[in-house]
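Work through the following exercises with the sequence and the model side by side. Each task is followed by a solution in steps.

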Amino acid sequence: MCIRDRYQRRVHGDIIQYLIRMLLKLSKALPRVQTQLVSRPQFYFSSGDIEVTLPKFDLHRLDQSLVPKTIKVPREEALRFFREMTTSRRMEIACDALYKTKEIRGFCHLYDGQEAVATGIEAALTFEDPLITAYRDHCQAYLRGKSPYQVIAELLGKATGATQGRGGSMHFYNKVNNFYGGNGIVGAQVPVGTGLAFALKYLKKDNICISMYGDGAANQGQLFEAANMALLWKLPQIFVCENNRYAMGTPTSRHSSNPEFYKRFDVMPGIKVDGNNVFAVKAIFQWSKQWIIQNQTPLCIELDTYRYHGHSMSDPGISYRTREEVSQQRKERDCIETLKRFIIENKIATEEQVKAIDKEVRAEIDAAVEKARADPLPNEASLTKDVYVENPDYYIRNTTYDKSYFPQGSVERR
């Protein structure tokens with residue numbers, strides 16, 4: 001071997017040794033680099049949507065061939081669902097704490113456990129589709145455009161609340177986004193929903209009205225009167241029964257002779273859905289909207305869900321069910337935990353990133369609570385606001401004729 005060949009081999013050997021040393025140094029630095037990447041609020045999206053197989057729907061006067069079997073879930077949508085549902089739950093847990101310190105007073109009905117219902121419905125609709133519900137309405141108000149801060153401020157009775165502190169827990173309202181409450185009388189909102197559906201048909205709009213009620217309201221006579229009119233007039237309305245299984249404290253087996261609520265309206269088609277599966281809820285409402293518009297007929301949907309709190313804050317929720325049952329539901333059917341597993345298993349985000357979202361939401365809710373606590377109460381002058389139409393051309397009748405208000409230029413009092 002000549003001197004030149006030996007020299008080249010030696011140089012090559014030195015280069016290889018140098019590269020090995022550099023690789024060893026880099027490998028020692030890798031754990032530190034990985035830790036930094038995990039802690040940053042970035043998510044790794046792989047291309048394409050995730051196709052999810054839906055649970056089988058129970059149907060009444062419908063064929064299985066009509067309803068969806070799968071749904072494509074964009075990865076960013078799964079994360080948005082998780083954030084919305086986590087925000088709803090943290091908001092309700094904060095309200096629970098505020099009620100127990102007597103900062104929130106009066107009636108208060110919490111929604112924790114049922115978050116997939118509200119999130120799934122809103123994901124399938126637009127704000128042009130009117131929605132009306134009962135008094136377990138905080139999360140619907142949030143998803144229809146009110147911030148958690150506005151919701152909490154309203155519950156605290158503050159002037160900065162969603163309805164300036166005058167509605168409270170049961171009477172949220174947002175006309176701009178077609179949210180009509182928040183209604184305190186059991187079942188009374190459903191006929192109003194039928195009126196909203198009539199308006200949609202009268203105005204020839206391609207939208208539907210969502211009329212929500214609980215299993216406890218399912219025996220109210222006014223529901224059947226409204227359903228009869230909706231069928232006769234072929235109105236674009238979904239009668240949505242949120243079956244959280246216990247009404248005001250009585251199991252469905254004891255308060256309903258027919259607990260299959262989706263079959264209740266006789267000739268009206270019905271669907272029973274797993275209300276704790278946010279993808280199933282979105283898929284069936286997305287399909288239902290198009291089906292109703294095409295077929296010109298109302299529909300009934302029963303959502304099988306579960307509430308963790310009692311009927312209201314005055315109800316401990318364990319006199320008619322056991323703590324073990326509630327714990328089992330949390331363990332096996334919790335809608336947020338189910339979604340969290342889906343996100344991690346499909347590599348949408350790591351467990352650490354999901355925890356970071358939850359931590360961020362907690363901080364947002366804590367900040368909203370502190371801000372709302374410091375806000376002022378409504379002043380006395382606002383008590384009569386929005387009671388009468390503020391228009392000087394209107395005659396306003398009082399308790400007696402002589403005390404009534406007469407517009408300027410009107411006929412003299414007799």
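**Exercise 1. Find the bridge partner of glycine 214 in β6, then place β6 among its neighbours.**

Step 1. Glycine 214 has glutamate 242 as its bridge partner in β6. Strands here are DSSP E runs of at least two residues and helices are H or I runs of at least four, both numbered from the N terminus. The model is a predicted one, in which local features need pLDDT of at least 70 and side-chain atom pairs count only at pLDDT 80 or more, while totals for chains, interfaces and linings use all residues. Residues are numbered from 1 along each chain as its sequence is written, and side-chain values use heavy atoms, with hydrogens and water left out.

Step 2. Go to the other partner given for this pair of strands: cysteine 209 is bridged to glutamine 237 in β6. Between β5 and β6 (residues 237-243) there are six bridges, and the two strands run parallel. The connection from β5 to β6 passes through helix α7 (residues 221-232), and this β-α-β crossover is right-handed; the term applies if, with the strands pointing away from the viewer, the path from the first strand over the helix to the second runs clockwise.

Step 3. Turn to strand β8 (residues 299-304), which is joined to β6 by six bridges and runs parallel to β6. Valine 240 is opposite isoleucine 301 in β8.

**Exercise 2. Write down the strand order of the sheet and name its edges.**

Step 1. Recall that strands of a sheet pair through backbone hydrogen bonds, either parallel or antiparallel. Two strands are taken as paired if DSSP finds at least two bridges between them.

Step 2. The order is β2-β7-β8-β6-β5-β4, an open sheet of six strands with mixed pairing. Its edge strands are β2 and β4, each of which pairs on one side only.

Step 3. Check the β4 edge. Strand β4 (residues 131-132) is joined to β5 by two bridges, and these strands run parallel. Isoleucine 132 is opposite serine 211 in β5.

Step 4. Check the β2 edge. Strand β2 (residues 58-60) contains histidine 60. The C-alpha atoms of histidine 60 and isoleucine 301 are 9.9 Å apart, with their positions 241 residues apart along the chain.

**Exercise 3. Decide which parts of these elements are buried or exposed.**

Step 1. Apply the cut-offs: buried is under 20% relative accessible area, exposed is over 50%, and partly exposed lies in between (1.4 Å probe, protein chains only).

Step 2. In β6, seven of seven residues are buried. Gln237, Phe239, Cys241 and Asn243 are buried on one side, and Ile238, Val240 and Glu242 are buried on the other.

Step 3. In strand β5 (residues 209-214), five of the six residues are buried. Cysteine 209 counts as buried because its relative accessibility is 0%.

Step 4. Histidine 60 has a relative accessible area of 16%, so this residue is buried.

Step 5. Helix α3 (residues 115-124) has nine of its 10 residues buried. Among them are Glu115, Thr119 and Glu122.

**Exercise 4. How many disulfides does a search of the whole structure find?**

Step 1. A disulfide requires a pair of cysteine sulfur atoms within 2.5 Å. The search finds zero.

Step 2. For cysteine 108, the nearest cysteine sulfur is that of cysteine 95, 5.8 Å away. Cysteine 108 is buried, at 1% relative accessible area.

**Exercise 5. Compare the settings of lysine 102 and asparagine 178.**

Step 1. Most residues other than glycine have a negative phi.

Step 2. Lysine 102 has a positive phi of about 65°. Lysine 102 lies in the loop between α2 and α3 and is exposed, with a relative accessible area of 58%.

Step 3. Asparagine 178 has a positive phi near 55°. Its loop runs between α5 (148-155) and α6 (189-202), and asparagine 178 is buried, with a relative accessible area of 13%.

**Exercise 6. Which residues lie nearest the centre of the largest pocket?**

Step 1. A pocket is an open set of points on a 1 Å grid over the protein atoms alone, where a 1.4 Å probe fits, with protein on both sides within 12 Å along at least five of seven lines; lining residues have an atom within 4 Å of a point.

Step 2. Arg89, Arg90, Ile336, Glu337 and Asp358 lie nearest the centre, out of 16 lining residues.

Step 3. α2 gives the most to the lining, with five residues.
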